[in-house]
Amino acid sequence: MGSTRRAGRTRRRATATAVCAAALAALTAVPAQARQPEHRAPHWELKDTGAPEARFRGLAAVSRNTAWVAGTAGTVLRTTDGGAHWRNVSPPGAGELQFRDVEAFDARRAVVLAIGEGEASRIYRTDDGGTTWTESFRNPDPKAFYDCLAFFDSRHGLAMSDPVDGRFRILSTGDGGRSWSVLADRGMPAAQEGEAGFAASGQCLVTSGAKDVWLATGGAARARVLHSADRGLTWRATDAPLPAGDPARGVFALAFRDRARGLAVGGDYRPDQPSPRAAARTADGGRTWRPAVTPVPAYRSGVAWLPHSRTAALAVGPTGTDLTTDAGRTWRTVDTGSYDTVDCTRDHGCWAAGEKGRVARLEQ
């Protein structure tokens with residue numbers, strides 16, 4: 001019986017992967033004007049959040065049905081029916097805060113990060129779907145500015161701040177975000193002059209597996225990606241071939257399919273500035289980065305691997321969505337809608353979020 005169930009799961013997984021691959025092939029092969037409504041290729045379907053004034057840079061996709069978004073004016077929303085309805089679950093009294101990252105473990109448990117100098121950087125946790133929140137961290141250091149959160153599992157996670165006294169600062173939790181402590185910075189390389197993270201999509205700090213974590217930087221002479229294989233105790237910095245040399249340029253988002261294969265996107269976030277070479281890829285855990293042969297055409301702030309695919313991923317930004325089907329070697333624009341961040345789940349749920357309350361789910 002066990003072997004029969006395993007065989008059934010294998011067949012279903014193979015079928016799902018084949019369907020995904022076929023749909024992606026259709027997306028890249030069929031011109032937009034030639035697609036017929038009854039045979040639509042994968043596309044973003046906007047969901048009415050009822051929050052047109054909010055900009056959602058924080059996104060946590062739990063499944064095709066459940067997702068959390070976090071954004072300006074202390075706004076946190078949650079859906080459990082695929083975006084048909086959204087519940088405002090914003091923490092009380094958070095209207096002055098700017099939420100830029102949310103990490104959700106399921107429909108009830110989530111952690112959100114507010115950014116800013118000093119006490120504006122805060123972390124909240126809920127265990128009841130946002131009905132109540134507990135403030136678990138308030139930054140006491142006026143020199144710190146927290147940008148991103150990331151979790152290895154439902155208990156262990158990190159948060160990162162821009163450099164304090166010349167080194168990036170890392171917070172650690174071992175109880176799911178209920179409490180936090182600052183890690184010693186002895187294993188952190190010195191920061192470059194002007195180097196910082198970008199709180200643009202909640203993807204400047206990402207994990208893969210039980211111990212690997214990567215940190216994206218910009219704003220300095222060289223854009224870099226820092227990697228730790230021991231949950232943030234020690235780090236190695238590597239230059240990334242993305243735009244640099246200006247406070248508005250660098251690596252804005254990372255995505256790792258496993259501990260070896262990753263993608264980096266970014267550029268110059270100013271709308272009047274070009275962003276050449278704004279995408280790169282690695283196959284060795286970030287020890288080396290290679291520029292995309294055909295990069296994304298403009299600044300991109302979010303990136304995510306498509307589920308059950310070894311080579312397909314999406315990158316998003318204010319001017320559109322790009323697709324790669326060769327693990328980041330080449331990219332092609334497939335949508336021109338504005339999004340800041342993107343996240344996908346194993347049950348083929350891909351979500352994107354951004355300005356003017358925009359949240360969408362990838363439909364096929």
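This is a short tour of a predicted model, one selection at a time.

**Stop 1: confidence**

Colour the chain by pLDDT. The mean is 91, and 89% of the residues reach 70 or more. Now select residues 1–23. Here pLDDT stays under 50, and the model has eight contacts beyond four places in sequence for this stretch. Move on to residues 25–39. Their pLDDT is also below 50, with twelve contacts beyond near neighbours in sequence.

**Stop 2: the largest nonpolar core**

Select Met160, Ile170, Leu205, Leu215, Trp235, Val251 and Leu254. These residues have the most contacts inside the largest nonpolar core, which has 28 residues. Next, show the strands that feed this core. Those giving two or more residues include strand 10 (146–151), strand 11 (157–164) and strand 12 (167–173). Strands 14 (205–208), 15 (212–216), 16 (224–228) and 18 (249–256) do so too. Which strand gives the largest share of the core? Strand 15 does, with four residues. As background, nonpolar side chains tend to be buried together in soluble globular proteins.

Stay with Met160 and show what surrounds it. Beyond four places in sequence, Met160 touches Phe145, Tyr146, Asp147, Cys148, Phe168 and Arg169, among others. Ile170, Gly197, Cys204, Leu205 and Leu215 are also among the residues Met160 touches.

**Stop 3: a disulfide beside Met160**

Keep two of those neighbours, Cys148 and Cys204, on screen. They form a disulfide, with sulfur atoms 1.9 Å apart. Cys148 lies in strand 10, and Cys204 in the loop between strand 13 (181–182) and strand 14, so the bond ties together parts that are 56 residues apart in sequence. Look along the S-S bond. Its torsion is about 120 degrees, so this disulfide is right-handed. Are the two cysteines buried or exposed? Cys148 is buried at 0% relative accessibility, and Cys204 is buried at 0% as well.

**Stop 4: Arg224**

Select Arg224, in strand 16. Arg224 counts as buried because its relative accessible area is 7%, under the 20% cut-off. What lies 3.2 Å from a polar atom of its side chain? The backbone oxygen of Ala190 does. Now widen the selection around Arg224. Outside its neighbours within four places in sequence, its contacts include Ala191, Gln192, Glu195, Leu215, Asp239 and Val251. Leu215 and Val251 also appear among the core residues of Stop 2.

**Stop 5: two hairpins**

Go to strand 26 (residues 341–344) and strand 27. They pair in the antiparallel sense over four bridges. Val342 stands opposite Ala352 in strand 27. The two strands form a hairpin with five residues between them, and His348 in the turn has a positive phi of about 70 degrees.

Follow the chain to strand 28 (residues 359–363). Strand 27 pairs with strand 28 in the antiparallel sense over three bridges. Ala353 stands opposite Val359. This hairpin too has five residues between its strands, and Lys356 takes a positive phi near 55 degrees.

Now show the side chains of strand 27 (residues 350–353). Cys350 and Ala352 are buried on one side, and Trp351 and Ala353 are buried on the other.

**Stop 6: the second bond**

Finish with Cys344 and Cys350. A disulfide joins them, S to S 2.1 Å. With 110 degrees about the S-S bond, this link is right-handed. Cys344 is buried at 16% relative accessibility, and Cys350 is buried at 1%. The whole structure has two disulfides. Counting bonded cysteines along the chain, their pattern is 1-2, 3-4.

Methods. Residues are numbered from 1 along each chain as its sequence is written. This is a predicted model: local features need pLDDT of at least 70, side-chain atom pairs count only at pLDDT 80 or more; totals for chains, interfaces and linings use all residues. Side-chain values use heavy atoms; hydrogens and water are left out. A nonpolar core is a set of buried Ala, Val, Leu, Ile, Met, Phe, Trp, Tyr and Cys residues joined through side-chain atoms within 4.5 Å. Buried means under 20% relative accessible area, exposed over 50%, partly exposed in between (1.4 Å probe, protein chains only). Contact means heavy atoms within 4.5 Å. A polar contact is a pair of N or O atoms within 3.5 Å; within protein, one must be able to donate a hydrogen and the other to accept it, and residues adjacent in sequence count only if both atoms are side-chain atoms. A disulfide is a pair of cysteine sulfur atoms within 2.5 Å. pLDDT is the predictor's confidence in each residue, from 0 to 100. Two strands pair if DSSP finds at least two bridges between them.
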